[in-house]
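Student: Please take a close look at how the helices pack. Then cover the backbone around them. Keep it brisk.

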Amino acid sequence: MRIVVCIKQVPDTKGGVVFNADGTLNRGAMLAIMNPDDKAGLEAALKLKDQYGAEVTVLTMGLPKADEVLREAMAMGADNAILVTDRVLGGADTWATSTTIAGALRNIDYDLIITGRQAIDGDTAQVGPQIAEHLGVPVISYAEDIKVEGDYVIVKRQYDDRYHTLKAKMPCLVTALSELGTPRYMTPGGIFDAYAKEVTVWGRADLKDVDDANLGLKGSPTKIAKASDKVRKGAGEKVVFDTTEESVNYIVGKLAEKHVI
């Protein structure tokens with residue numbers, strides 16, 4: 001089985017957010033981590049590798065420094081890594097990003113593609129399903145569990161207060177929730193091996209069946225009107241009561257006012 005896991009290097013929001021003048025993130029100026037949902041998807045792929053001897057390839061689109069998360073993935077157990085990077089790809093929205101990644105995936109033989117549900121720097125949950133649409137393969141989103149039976153994947157899919165059990169024939173794409181698995185730690189030997197391996201680097205010329213009009217900032221139909229750091233909450237309302245009964249009545253009254261109860 002050949003599994004490709006699409007991962008993304010995202011800003012570590014604990015370190016602050018830096019924007020460019022055009023409203024896009026200045027990724028080169030921020031601390032970065034592997035996107036959490038992607039990391040859970042990688043763990044699911046590594047479990048399938050442990051069970052079935054699958055070959056796991058990680059792929060990312062980003063700045064050259066995204067090499068760091070690829071090596072982290074290899075230190076966890078991934079076999080191969082591909083970095084798609086080119087100046088013309090910068091500033092991409094979800095449409096341009098998914099177009100780029102699909103163009104790279106057309107160079108690879110795969111049975112299963114796993115992406116995170118969404119990235120913490122965008123929260124759109126669009127890229128995974130868009131990749132599947134570009135490639136013409138089935139997609140199952142919001143996966144809590146993945147099993148393999150022959151040429152099929154069986155996925156437990158989160159849905160409101162219940163779940164679906166869906167079955168799809170490979171090749172297909174699955175988007176992973178963080179609940180899919182707790183990522184394993186890198187091992188000292190894995191770190192050593194990861195930095196001894198070579199990361200394959202592709203640019204615009206390596207993308208198959210894509211149009212320049214759909215790439216990068218120019219190929220992104222989504223335009224940012226305004227960008228800012230997270231909005232600070234106001235001080236709120238502070239009230240003091242003499243008795244517990246008054247406090248309880250006040251809280252219950254507020255809950256009723258907001259139609260919570």
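Tutor: What follows goes through two helix pairs, then turns to the backbone. Keep in mind that the model is predicted.

Start with the pair α3 and α4. Helix α3 covers residues 94-105, and helix α4 covers residues 127-135. Their axes come within 8 Å and cross at roughly 50°. Angles under 35 degrees count as roughly parallel, and 65 to 115 as roughly perpendicular. The pair α3 and α4 is therefore oblique. The crossing of α3 over α4 is right-handed. On the α3 side, the contact uses Thr-94, Trp-95, Thr-97, Ser-98, Thr-99, Ile-101, Ala-102 and Leu-105. On the α4 side, Val-127, Gln-130, Ile-131, His-134 and Leu-135 take part. By class, this contact has seven nonpolar and six polar residues, and no charged ones.

Stay with α4. Which of its residues are buried? They are Gly-128, Gln-130, Ile-131, Ala-132 and Leu-135. Gln-130, Ile-131 and Leu-135 are buried and also belong to the contact with α3. The buried residues of α4 have other partners besides α3: they pack against strands β1 (2-6), β6 (112-116), β7 (139-149) and β10 (172-176). Right after α4 comes Gly-136, with a positive phi of about 70°.

Now the second pair, α2 and α5. Helix α2 runs over residues 67-76, and helix α5 over residues 188-196. Here the axes come within 7 Å and cross at roughly 130°. Angles over 145 degrees count as roughly antiparallel. This pair, α2 and α5, is therefore oblique too. The crossing of α2 and α5 is right-handed. Helix α2 contributes Arg-71, Met-74 and Ala-75 to the contact. Helix α5 contributes Gly-190, Ile-191, Ala-194 and Tyr-195. By class, the contact has five nonpolar residues, one polar and one charged.

Look at Gly-190 within that contact. The residue sits in α5. Its relative accessibility is 11%, so Gly-190 counts as buried; the cut-off is under 20%. Leaving out residues up to four places away in sequence, Gly-190 touches Met-74 and Ala-75. Arg-71 is 119 residues from Gly-190 in sequence, yet their C-alpha atoms are 9.4 Å apart in space.

Helix α6 allows a length check. It holds 14 residues, 244-257. At 1.5 Å a residue, α6 should span 20 Å. Its end C-alpha atoms are 20 Å apart, so the two values agree.

Next, the backbone outside the helices. Most residues other than glycine have a negative phi, and most peptide bonds are trans. What is the phi of His-259? It is near 65°, a positive value in a residue other than glycine. His-259 lies in the segment after α6. Its relative accessible area is 71%, so His-259 is exposed. Asp-209 also has a positive phi, near 55°. Asp-209 is in the loop between β11 (200-202) and α6. At 66% relative accessibility, Asp-209 counts as exposed; the cut-off is over 50%.

One peptide bond needs a look as well. Met-170 and Pro-171 are joined in cis, with omega about 5°. Pro-171 lies in the loop between β9 (162-169) and β10. Strand β10 is among the elements that the buried residues of α4 pack against.

Conventions: Residues are numbered from 1 along each chain as its sequence is written. This is a predicted model: local features need pLDDT of at least 70, side-chain atom pairs count only at pLDDT 80 or more; totals for chains, interfaces and linings use all residues. Side-chain values use heavy atoms; hydrogens and water are left out. Axes are lines fitted to C-alpha atoms, for helices over the stretch in contact, and angles run from 0 to 180 degrees between N-to-C directions. Helices (H or I, at least four residues) and strands (E, at least two) are DSSP runs, numbered from the N terminus. A crossing is left-handed if the near helix is turned anticlockwise from the far one by less than a right angle, and right-handed if clockwise. Contact means heavy atoms within 4.5 Å. Ala, Val, Leu, Ile, Met, Phe, Trp, Tyr, Cys and Pro count as nonpolar, Asp, Glu, Lys and Arg as charged, and the others, Gly among them, as polar. Buried means under 20% relative accessible area, exposed over 50%, partly exposed in between (1.4 Å probe, protein chains only). The expected span of a helix is 1.5 Å times one less than its number of residues.
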